[in-house]
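I opened this entry to keep track of what I looked up, strands before charged pairs.

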Amino acid sequence: MSHYRERLSPSLWVFVSIALVVPASIIVFAPLTTINGWLVGSVVGVVLYVGLIGTIWAMAPVLDVTGGTVRVGRATIPADLLGECTAYRGEEAREQRGRLADARAWLCIRGWIDPVVKMQIADPQDPTPYWLVSTRRPGDFIDAVQASQR
């Protein structure tokens, strides 16, 4: 039995980008209050930053392969209903997420994670041709799915 677990949490650059909410709050609140406008803006900015980071972290989907089941976010599929799994990186990953994507495919992709894994659906009654999933460790994820199919 295999086990794989990964949270698709944001990269460091996302946290740094969201930090821009602090100076933006200072700019907004400084002229609105005559006393301690900078302090009010700073407090509001820090509270917003912490709230946004907490929300993004809590909403990050989890990839989980356990006991013959593959779970990606809220979606679950038995591993034996999956066909070929292929990893893509770089330009090939961008092509899979964009120009080559099928409108019927199920996607769980995150812009801050480059590699993707394409898992073909082997169930002939399922209208979804494949799942396309972002993962930082595509090789480990595919190995876990294949081991779970055995």
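My notes on strand pairing and salt bridges follow.

**Strands**

I am working from a predicted model. I began with strand β2, residues 62-66, and asked how many of its residues are buried. Four of the five are, so I put β2 down as mostly covered; buried here means under 20% relative accessible area.

Next I looked up the partners of β2. Strand β1, residues 3-7, pairs with β2 in the antiparallel sense, and I noted five bridges for this pairing. For a single position I took histidine 3, which stands opposite threonine 66 of β2.

Strand β3, residues 69-72, also runs antiparallel to β2, and four bridges join these two. Here I picked valine 65, whose bridge partner in β3 is valine 70.

What links β2 to β3? I found a hairpin, with two residues between the strands. Glycine 67 lies in that turn, and I recorded a positive phi of about 55° for glycine 67.

**Salt bridges**

I then turned to the charged side chains. Side chains of opposite charge can pair when their charged atoms come close. How many salt bridges does the structure hold? I noted six.

The side chains of arginine 99 and glutamate 95 form one of them, at 2.6 Å from N to O. I checked whether arginine 99 is buried or exposed. Its relative accessibility is 66%, and exposed begins over 50%, so arginine 99 counts as exposed.

Arginine 104 and aspartate 102 form another, and I have 2.9 Å between the closest N and O atoms. For arginine 104 the relative accessible area is 53%, which means that this residue is exposed. Aspartate 102 has 25% relative accessibility and therefore counts as partly exposed.

I also looked up aspartate 140, which forms a salt bridge with arginine 137. Their closest N and O atoms are 3.7 Å apart, and I checked that value against the cut-off, within 4 Å. Aspartate 140 is partly exposed because its relative accessibility is 42%. Arginine 137, at 37% relative accessibility, is likewise entered as partly exposed.

Last, I asked which residues are joined into one network by salt bridges that share partners. The members are Glu91, Arg94, Arg97 and Asp114.

**Recap**

For the strands, I keep the antiparallel pairing of β2 with β1 and with β3. For the charged residues, I keep the six salt bridges and the network that includes Arg94 and Asp114.

How values were computed:
Residues are numbered from 1 along each chain as its sequence is written. This is a predicted model: local features need pLDDT of at least 70, side-chain atom pairs count only at pLDDT 80 or more; totals for chains, interfaces and linings use all residues. Side-chain values use heavy atoms; hydrogens and water are left out. Buried means under 20% relative accessible area, exposed over 50%, partly exposed in between (1.4 Å probe, protein chains only). Two strands pair if DSSP finds at least two bridges between them.
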